[in-house]
Amino acid sequence: MGTALAAALGGGIDCGWRAMNFVGKAVSYLLTADNWTGPVGLAARIAEHLEYTAIAVGASALIAVPIGLLIGHTGRGKLLVVGAVNGLRALPTLGVLLLGVLLFGLGLGPPLVALMLLGVPSLLAGTYAGIANVDRTVVDAARAMGMTETRVLLRVELPIAMPLILGGLRSATLQVVATATVAAYASLGGLGGYLIDGIKVRQFHLALVGALMVAALALILDGLLALAVWLSVPGTGRLGKMFGRREGLRVGHKPAAVGGHALR
């Protein structure tokens, strides 16, 4: 029994030492300046990862935001939003990527399509919910003032809905930046290369480096977008105060307000 206990303790100590060893190697890798330079250095990999994220989120926004604005404003096609959001969220990102690679080969297209489909549901849901939940009395007052439907949407509903729209953008960005590591499966760059290569060659400290950098990017982007959501809340004047301006008051002009929301 004593021998078995000693063997178990020895195995636990050995596992703990190995874990601390590759954590130390990962920290050392991050603190070495040479690892940040060059075409395959950390700086280049981070830039590639951000590039994939920006393209995918931008493409998602071009698709989801106009549809969400139209359906939220007109009230038609609600079932389309629910069905599209649920259906796209059920799609396995890696499965879509592998299908794209099989059909079209390696390249930038398959991973970007997979990431774009991942970002659409959050943006579509956020945009639709933001527009649909605008106080109807504010919308009716804007129409009574003679505003066209386009002006009602862009000048009244959109500013009020901006926090929810940015909230959808925040969710989509976090999902895409965390999943963009799948681009390495298509022989592309980005931080996913550290994860794939590190596990493949059993250099687990490289996989940890990739995971830490992805987590750091996600936290930074989340903080920036959370600030954008906070600044965009209507009626607070936070954005105007940040840039040293007063909102809602101009010389000789005072916009009408309904329900605390200015109509311009």
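# A walk through the helices

Begin by selecting His49, which is found in helix α2, and keep in mind throughout that the model on screen is a predicted one. With a relative accessible area of 1%, His49 is buried. To see what surrounds it, display the residues that His49 touches beyond four places away in sequence, which are Val177, Ala180, Thr181, Gly190, Leu191, Gly192, Val214 and Leu217.

Before going further, zoom out to view the whole protein chain, which has 10 helices and 2 strands. Followed along the sequence, the order of these elements reads α-α-α-α-α-α-α-α-α-α-β-β. Of the 264 residues in the chain, 36% are buried, and the accessible surface comes to about 14,600 Å², with 69% of that surface belonging to carbon and sulfur atoms. If contacts with a separation of 6 or more are considered, residues 24 or more positions apart account for 73% of them.

**Second stop: Thr53**

Return to helix α2, which covers residues 42–74, and select Thr53 within it. Which backbone oxygen does the side chain of Thr53 reach? The partner is the backbone oxygen of His49, at 2.9 Å, so this step leads back to the residue where the tour began, and Thr53, like His49, is buried, its own relative accessible area being 4%. Setting aside residues up to four places away in sequence, Thr53 touches Thr173, Val176, Val177 and Ala180. Val177 and Ala180 also appear among the residues that His49 touches.

**Third stop: Gly210**

Next, move to helix α9, where Gly210 has its place. Is Gly210 buried or exposed? It is buried, with a relative accessible area of 0%. When neighbours within four places in sequence are left aside, Gly210 is in contact with Leu191, Tyr194 and Leu195, and Leu191 is one of the residues that His49 touches as well. Select Gly198 too, and draw a distance between the two C-alpha atoms: Gly210 and Gly198 lie 12 residues apart along the chain, and their C-alpha atoms are separated by 8.8 Å.

**Fourth stop: helix α5**

Now select residues 109–132, which form helix α5 and number 24. From its first C-alpha to its last, this helix reaches 34 Å, close to the 34 Å expected at 1.5 Å a residue. Where in α5 does the kink lie? Look at Val120, where there is a kink of about 30°, shortly before the proline Pro121. With the rest of the structure displayed around it, helix α5 is largely enclosed, because 17 of its 24 residues are buried.

**Fifth stop: the salt bridges**

The structure holds 4 salt bridges, and a useful one to show next is the pair formed by Glu157 and Arg136, whose closest N and O atoms are 3.4 Å apart. This pair links distant parts of the chain, with Glu157 in helix α7 (residues 149–179) and Arg136 in helix α6 (residues 136–144), 21 residues apart. The two partners differ in their surroundings, since Glu157 is buried, with a relative accessible area of 0%, whereas Arg136 is partly exposed at 35%.

Then select Glu149 and Arg143, which form a salt bridge with their closest N and O atoms 3.0 Å apart. Here both partners count as partly exposed, Glu149 at 40% relative accessibility and Arg143 at 34%.

Continue to Arg170, which forms a salt bridge with Asp222, the closest N and O atoms being 2.5 Å apart. This pair also links distant parts of the chain, as Arg170 belongs to helix α7 and Asp222 to helix α9 (residues 204–231), 52 residues apart. Arg170 counts as partly exposed, at 28% relative accessibility. To finish with these charged residues, add Asp140 to the selection, for Asp140, Arg143 and Glu149 are joined into one network by salt bridges that share partners.

**Last stop: Thr137**

End in helix α6, where Thr137 is found. Thr137 is partly exposed, with a relative accessible area of 44%, in contrast to the buried Thr53 visited earlier. Show the side chain of Thr137 together with that of Asp135, and a polar contact between the two side chains can be traced at 3.0 Å.

Technical notes
Residues are numbered from 1 along each chain as its sequence is written. This is a predicted model: local features need pLDDT of at least 70, side-chain atom pairs count only at pLDDT 80 or more; totals for chains, interfaces and linings use all residues. Side-chain values use heavy atoms; hydrogens and water are left out. Helices (H or I, at least four residues) and strands (E, at least two) are DSSP runs, numbered from the N terminus. Buried means under 20% relative accessible area, exposed over 50%, partly exposed in between (1.4 Å probe, protein chains only). Contact means heavy atoms within 4.5 Å. Accessible areas come from the Shrake-Rupley method with a 1.4 Å probe; for residues, only the protein chains shown count as cover. A polar contact is a pair of N or O atoms within 3.5 Å; within protein, one must be able to donate a hydrogen and the other to accept it, and residues adjacent in sequence count only if both atoms are side-chain atoms. The expected span of a helix is 1.5 Å times one less than its number of residues. The bend at a residue is the angle between axes fitted to the seven residues ending there and the seven starting there. A salt bridge is a side-chain nitrogen of Lys or Arg within 4 Å of a carboxyl oxygen of Asp or Glu.
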